[in-house]
Amino acid sequence: MSFYEKLKFNADGLIPAIIQEQSTGRVLMMAWMNKEAVQKTIELGKTVFWSRSRQKYWVKGETSGHVQVVKDVAFDCDSDTLLIQVEQTGAACHEGYKSCFFRSIRDGGKTFAETEKRLIDPGDVYGQK
């Protein structure tokens, strides 16, 4: 049985991929992949995702230059989630943060706080200014 046959995609043909910085263990982001995105990721050595909103593939960093070089691809015991360890260049988050998980709850969930500084202004990278 191949790796691809072992994976369990959801009814939409997608599987969640958790992206982790290999050198620090920090979770950078979560995105969706279909079988072709998984194959392209392995072939290219860079992360390729399926955009549910745009209904197309996107290579992380193709616009911003903040690429993710794949170091390892693993899957969980249920075969329904991927863990992709990467070497991250720049910000992983489209809002300009190193990680998409830059906010933490406070006061038992009544408030939240930003827990890291923004690396870049996303308007500069994506031509929104």
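**Group meeting talk: Arg-26 and its surroundings**

Hi everyone, let me start with one residue: setting aside neighbours within four places in sequence, Arg-26 is in contact with Ile-19, Gln-20, Glu-21, Lys-98, Ser-99, Phe-101 and Glu-116, where contact means heavy atoms within 4.5 Å. Before going on, please note that this is a predicted model, in which local features need pLDDT of at least 70 and side-chain atom pairs count only at pLDDT 80 or more, while totals for chains, interfaces and linings use all residues. Residues are numbered from 1 along each chain as its sequence is written, and side-chain values use heavy atoms, with hydrogens and water left out.

Where does Arg-26 sit? Arg-26 lies in the loop between strand S1 (15–21) and strand S2 (27–33). Helices (H or I, at least four residues) and strands (E, at least two) are DSSP runs, numbered from the N terminus. Is Arg-26 buried, partly exposed or exposed? With 32% relative accessibility, Arg-26 counts as partly exposed; buried means under 20% relative accessible area, exposed over 50%, and partly exposed in between (1.4 Å probe, protein chains only).

Now the cysteines. Cys-77 is 51 residues from Arg-26 along the chain, and their C-alpha atoms are separated by 21 Å. Cys-77 counts as exposed because its relative accessibility is 78%. Cys-93, in contrast, is buried, since its relative accessible area is 5%. Why is Cys-93 not bonded to Cys-100? The sulfur of Cys-100 is the closest cysteine sulfur to that of Cys-93, but at 4.0 Å the distance is too far for a bond. A disulfide is a pair of cysteine sulfur atoms within 2.5 Å, and by this rule the count is zero.

Let's step back to the whole protein chain. There are three helices and eight strands, and along the sequence they follow the pattern α-β-β-α-β-β-β-β-β-β-α. The C-alpha trace spans about 45 × 40 × 30 Å along its principal axes. Of the 129 residues, 36% count as buried. Residues 24 or more positions apart account for 40% of the contacts with a separation of 6 or more.

I'll finish with charge. The protein chain has 18 positive and 17 negative charges, and their mean positions are 3 Å apart. Here Lys and Arg count as positive and Asp and Glu as negative, with His and the chain ends not counted; the place of a charge is NZ of Lys, CZ of Arg, CG of Asp or CD of Glu. Thanks for listening!
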